[in-house]
Structure formats: C-alpha cells, structure tokens
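Me: I have a protein structure open and no idea how to read it. Can you take me through it, feature by feature?

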Amino acid sequence: MPELPEVETIKNELPPYIVGRCITSVTLLWDGVVRQPSVEEFYSRLIGQRITEVARRGKYLILGLTSNEVLIIHLKMSGSLLLEPASAESNKFTRAILHLDKETHLHFRDPRKLGVMWLVEDKNTIVGKLGPEPLEADFTPQLLLERLNNRTAPIKALLCDQTFIAGIGNMYADEALFAARIHPLRSGKSLSRGEVERLHDSIRQILSSAISNKGASVDTYFRPDGTLGTAHFEFKVAHYLSGRLCPVCRTPIERIPIRNRGSYFCPKCQVE
Ligand SMILES: [Zn+2]
C-alpha cells in the first residue's frame, strides 16, 4: 500500500505537469471511485477548473482548485496516478481520467478498486482527524511520548493508526520498530523515554530515506511517470523479505499477526 513516502513522491513529481493546467474533461470508468459528491456533481464542479497546487496530508493527496474546492485522493491498497499523453488509452485497471489541457492526462489506475476521490470545499471534513505529520517540526520526541501516555495498544498498531500519527502503514512501521529495536507487541505506554527518542529518530530517518528513493515499489506502486521507486531495496524486515535472516544478528525474521496485518520483526534484536 502506498504510505507517506510514496504519496509524498507523487506530490513532489506531479506539479510541473498539472499545476496551472485546466481540467477540460473527466472520464469515470468506474463510478465507485467518487465518494463525494454525486457523480453528476463531480463532473460539473470539476470541469473547467484549474489545478492550483498539490499537497499531501498523511496518505491523502490534495489537489487545490481555482474554486477553492479541493480534490482529495486516497490510493488505498493498489492505486497509482500516472501522467499519460492525451493519445494514451485506458487499460482495464483505469478507474478515472482527468483530461488536462496541454496534452497531458492524469490516469487513476487501481487494480483492487479500493481507491477513493472526494471533491469538497473543506479538506478538514476528510483529513481533519489525522494525527501529527511525522516529518514536520512540531512532531517532537516529547509529543510522541505524550501521545503514548496511557496507550495500552501494541506500538505497531498505534503507528498504523492514522489518528495517532499520519502517513505510516505496515511497511514503514515494521522498518521503524526494527531500527529502534522495539518489539511490535510492546504497549505504547511501556516505552521508556530513551526508546521513544530512538523510535522518533527511526521514523524520521526511514521516511526521509524512502522519500529520497522515491518510494517503495513492492507491489503496484508507480511514480507518476510509470517508473518504480527503490526504497524497498533498503528494507530490513518489511513483508517481502519473509524468511530472510536479520541483517544485524542473523536470526530468522519472524511474522506475527497484529490487528490482522502481518508484522515482521527480529525476535532477538527486538526484545519484548
Ligand atoms: Zn536481529
């Protein structure tokens, strides 16, 4: 699933091709991709608008429009946004196409049909409840410590809870906990100040490094130009490395289910 580094990469790479461009037409190949408003209103309110900016909040991509409305996109498990020449045809996974002037179209491709778009006046109706952004200056070790106070849930579940911290999912939570040498089943409140500082540092380093590598293409994630990110080459434990040995101590990486998602960790380096 695309997480913060993948959505940030899309946010960084789209603007030269879409900011300032006019949406001349919209094609929906699957109406279910529009969550809000109605499909009819989606067409009528979007066509003719210019895209003013591209922003990100958590795993949501936010396109600003001249009407001051925003088009919010969540790629969910398998979505990608691809820049295509106007002559390019849709394929069986294309769910929506924004036709832009200047011969570039934006294709929303999504094999599993879980991705969603909203066209709203106030972005906070969609992203208002998200937790802090882990790469912003106000996300300090002290803030993380305060948010973990009294939390009995496993730290892995908390890191994946978008209201606790925004943008982290299964892959980067496993990587951050491995780097911080914290077992994924530890309760939030059990972490010492030193462990919280280590975790804070690991989260930032792993996300920043993944952004430098343009995201992780472990399944269906593509950059807007259709190329792959390379962040997964730096993964130490995340899911596609099942059966490998810990790169630090050579113990086999183990997998346990936490909240229905597989969590990968080293039982020796990450003690309970
Ligand atoms: Zn180990």
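Reply: We will go from the whole protein to its helices, then to some loops. Keep in mind that this is a predicted model.

Me: Start with the whole. How many helices and strands does the protein have?

Reply: Count the elements before anything else. Here there are eight helices and 11 strands. The radius of gyration is 20 Å, and the globule rule gives 19 Å for 272 residues, so the protein is as compact as a globular protein of that length. Along its principal axes, the C-alpha trace spans about 55 × 35 × 30 Å.

Me: What share of the residues is buried?

Reply: A residue counts as buried when its relative accessible area is under 20%. In this protein, 53% of the 272 residues are buried. Now turn to the outside. The accessible surface comes to about 12,200 Å². Carbon and sulfur atoms hold 48% of that surface.

Me: And contacts? What share of them joins residues 24 or more positions apart?

Reply: Take the contacts with a separation of 6 or more. Residues 24 or more positions apart account for 64% of these.

Me: Now a helix. How do I check the length of α8?

Reply: Count residues and allow 1.5 Å for each. Helix α8 has 20 residues, 193–212, and should span 28 Å. Its end C-alpha atoms are 29 Å apart, which agrees.

Me: Which residues of α8 are buried?

Reply: Start with the general idea. An α-helix has 3.6 residues a turn, so residues three or four places apart point the same way. Now the case. The buried residues of α8 include Val 196, Leu 199, Ile 203, Ile 206 and Leu 207. Seen down the axis of α8, the buried residues fall within an arc of 165°, so they line one face of the helix. The face turned away from that buried side carries Gln 205 and Ser 212, both exposed.

Me: What covers the buried residues of α8?

Reply: Look for the neighbours in contact. The cover includes α1 (4–13), α5 (141–148), α6 (155–160) and α7 (170–180).

Me: How many residues of α7 are buried?

Reply: Ten would be a good figure to remember: 10 of its 11 residues are buried, and α7 is mostly covered. Among them are Asn 170, Asp 174 and Glu 175, along with Met 171, Tyr 172 and Phe 178. What covers them includes α1, α6, α8 and β11 (261–265).

Me: Try α3 as well. Which of its residues are buried, and which are exposed?

Reply: Sort the residues by side. Val 39, Phe 42 and Leu 46 are the buried residues of α3. They fall within an arc of 55° seen down the axis, so they line one face of the helix. On the other side, Glu 40 and Ser 44 are exposed. The buried residues pack against strands, including β1 (23–28), β4 (60–65) and β7 (94–100).

Me: What should I look for just after a helix?

Reply: Check the sign of phi. Gly 48 follows α3 with a positive phi near 95°. Arg 181, just after α7, has a positive phi of about 60°. Lys 214 follows α8, and its phi is positive, near 65°.

Me: Where else does phi turn positive in a residue other than glycine?

Reply: Try two loops. Asn 68 has a phi near 75°. It sits in the loop between β4 and β5. With a relative accessible area of 65%, Asn 68 is exposed. Lys 113 has a phi near 60°. It lies in the loop between β8 (104–109) and β9. At 35% relative accessibility, Lys 113 counts as partly exposed.

Me: Which residues does the cis peptide bond join?

Reply: Read omega for this one. The cis bond joins Gln 36 and Pro 37, with omega about 0°. Pro 37 is in the loop between β2 and α3.

Me: One last residue. Is Gln 49 buried or exposed?

Reply: Find its place, then its accessibility. Gln 49 is in the loop between α3 and β3 (51–57). At 6% relative accessibility, Gln 49 counts as buried.

Me: What does the side chain of Gln 49 pair with?

Reply: Look for a polar contact. The side chains of Gln 49 and Glu 69 are joined by one of 3.1 Å. Leaving out residues up to four places away in sequence, Gln 49 also touches others, including Arg 21, Cys 22, Ile 23 and Leu 65.

Conventions:
Residues are numbered from 1 along each chain as its sequence is written. This is a predicted model: local features need pLDDT of at least 70, side-chain atom pairs count only at pLDDT 80 or more; totals for chains, interfaces and linings use all residues. Side-chain values use heavy atoms; hydrogens and water are left out. Helices (H or I, at least four residues) and strands (E, at least two) are DSSP runs, numbered from the N terminus. Buried means under 20% relative accessible area, exposed over 50%, partly exposed in between (1.4 Å probe, protein chains only). A polar contact is a pair of N or O atoms within 3.5 Å; within protein, one must be able to donate a hydrogen and the other to accept it, and residues adjacent in sequence count only if both atoms are side-chain atoms. Contact means heavy atoms within 4.5 Å. The expected span of a helix is 1.5 Å times one less than its number of residues. The arc is that of the directions from the helix axis to the C-beta atoms. The radius of gyration is taken over C-alpha atoms; the globule rule is 2.2 Å times the number of residues to the power 0.38. Accessible areas come from the Shrake-Rupley method with a 1.4 Å probe; for residues, only the protein chains shown count as cover.
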